[in-house]
Amino acid sequence: MARRKPLAYDLIIVGAGPAGLTAAIYAARYKLSCLVIAETIGGRAAEAFEIKNFPSYEKISGIELMEKIRKQTECLGVEIKNERVDKIKKEKGYFVVKTTEKDYLAKKIILANGLEKKRLGLEKEDKFLGKGVSYCAVCDAPFFKNKKVAVVGGSDSALAAASLLSRFANKVYIIYRKEKFFRAKPAMVEEVRKNKKIKAIFNVTVTKLLGEERLKAIELSNKKRIAVDGLFVEIGASPNVELAKDLGIELENGYIKVDEMQRTNVKGVYAAGDITNRPLKQIITAAAQGAVAATTVYEELKEK
């Protein structure tokens, strides 16, 4: 006989990256009724071309790692809904989670919906999305075989994207507004420097996207134009805190402020992963925070 779904879940987790799925795994082992809601599975971790600092793997792709975690989560009986959460509000002692599909009730909430890629804010950026403009090299690199592409940014993620793209494209430009790479790890900078397919252009920004139906070229702040088939934007990310703001959750430097047990200032709401004010944004720390948050939920529900 199929188990009936609860009228109200013990816990709803918003986000299905390392933090959210690890929280779900712990919640399942604590025998809590749990639901995960996310637009995409894997979060930003799934975009990583190679992960070399996660224990148990010399190297593994982000997609493969997150798929393993997803399978483990679902094997424990946790349901994952591919929906967008539009709003969360407190009503008659429960949290009402409103998505694009329906409303769900929960006793506790963990926000683990991470970061959102920053955009250039240029005209035609939305129009060319999927037609030359991309925010995920892992997803789209194979579409640019034997073509010319550019990457905007100077961080580890930008240089990693350029390295990956060089396996497919004939030429990869890195457009960076500073005079040198200072944020990226030295080993990554050295790898890019030795790659003959990659050319770094410093002290400029992209000011225009050129083309009619799809991207054909970019114009730089020095007025030079470069013909490219693809532009990959890697200029950082900002935390998805709109749901938190609606709930009256306190922020610190734009991130959700949590204590050592991942509690926010709003009773019954916790946060984990990149969305929090914890300084180190890594898969392993996100997973650890998810485990702590789920344990805190369990302990507080047990007291009742």
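Biologist: What makes C34 count as buried or exposed in this predicted model?

Modeller: The relative accessible area of C34 is 9%. Buried means a value under 20%, so C34 is buried.

Biologist: How do you know whether the sulfur of C34 is bonded to the closest cysteine sulfur?

Modeller: The closest cysteine sulfur belongs to C75 and lies 15 Å from that of C34. A disulfide requires two cysteine sulfur atoms within 2.5 Å, and the distance is therefore too far for a bond. Correspondingly, C75 is in no disulfide.

Biologist: Is C75 itself to be called buried or exposed?

Modeller: C75 has a relative accessibility of 70%. Exposed means over 50%, and therefore C75 counts as exposed.

Biologist: What makes the link between C136 and C139 a disulfide?

Modeller: Their sulfur atoms are 2.1 Å apart, and the limit is 2.5 Å, so the pair qualifies. A disulfide is a covalent bond between the sulfur atoms of two cysteines. A search of the whole structure finds 1 disulfide. The angle about the S-S bond linking C136 and C139 is 70°, and the link is right-handed.

Biologist: How are C136 and C139 classed by their relative accessibility?

Modeller: C136, at 7%, is buried, because its value is under 20%. C139, at 43%, is partly exposed, because its value falls between 20% and 50%.

Biologist: Let us turn to charged side chains. What makes E91 and K89 a salt bridge?

Modeller: The distance from N to O between their side chains is 3.2 Å. The rule asks for a side-chain nitrogen of Lys or Arg within 4 Å of a carboxyl oxygen of Asp or Glu, so E91 and K89 satisfy the rule. E91, with a relative accessible area of 38%, is partly exposed, and K89, at 31%, is partly exposed as well. By this rule the count comes to 23 salt bridges.

Biologist: Why can E300 and R263 be called a salt bridge, and where in the chain do they lie?

Modeller: The closest N and O atoms of E300 and R263 are 3.4 Å apart. The limit is 4 Å, so the pair qualifies. The bridge links distant parts of the chain, with the two positions 37 residues apart: E300 is in helix α7, and R263 is in the loop between β18 (255-256) and β19 (269-271). E300 is buried, with a relative accessible area of 17%, whereas R263, at 29%, is partly exposed.

Biologist: How far apart along helix α7 are K302 and E299?

Modeller: They are 3 residues apart in helix α7, which means a separation of about one helical turn. Their closest N and O atoms are 3.2 Å apart, and they form a salt bridge. Elsewhere, salt bridges that share partners join K108, D259, R263 and E300 into one network.

Biologist: Which strands stand at the edges of the open sheet of 5 strands, and why?

Modeller: The order of the strands is β8-β15-β9-β10-β11, with parallel pairing. β8 (133-134) and β11 (198-202) each have a single partner strand, so one side of each has no neighbour in the sheet, and they stand at the edges.

Biologist: How do you know that β10 pairs with β11?

Modeller: Pairing requires at least two bridges. β10 (residues 171-176) and β11 are joined in the parallel sense over 5 bridges, so they pair. Within this pair, V172 stands opposite I198 in β11.

Biologist: What makes α4 a mostly covered helix?

Modeller: Of the 10 residues of α4, 8 are buried; among them are D156, A158 and L159. The buried residues of α4 pack against α3 (137-140), β9, β10, α5 (186-194), β11 and β15. Helix α4 (residues 156-165) lies across β9 (148-152), β10, β11 and β15 (230-233), and runs at about 170° to β9.

Biologist: Which residues of the largest nonpolar core touch the most other members?

Modeller: They are I13, V36 and I110, in a core of 34 residues. Elements that each supply at least two residues include β1 (9-14), β2 (34-38) and α7 (283-303), while α1 gives the most, with 7 residues. V36 is in contact with residues beyond its neighbours within four places in sequence, including I13, L21, A24 and V78. A second, separate core of 24 residues includes I12, V14, V97 and V266.

Methods: Residues are numbered from 1 along each chain as its sequence is written. This is a predicted model: local features need pLDDT of at least 70, side-chain atom pairs count only at pLDDT 80 or more; totals for chains, interfaces and linings use all residues. Side-chain values use heavy atoms; hydrogens and water are left out. A nonpolar core is a set of buried Ala, Val, Leu, Ile, Met, Phe, Trp, Tyr and Cys residues joined through side-chain atoms within 4.5 Å. Buried means under 20% relative accessible area, exposed over 50%, partly exposed in between (1.4 Å probe, protein chains only). Helices (H or I, at least four residues) and strands (E, at least two) are DSSP runs, numbered from the N terminus. Contact means heavy atoms within 4.5 Å. Axes are lines fitted to C-alpha atoms, for helices over the stretch in contact, and angles run from 0 to 180 degrees between N-to-C directions.
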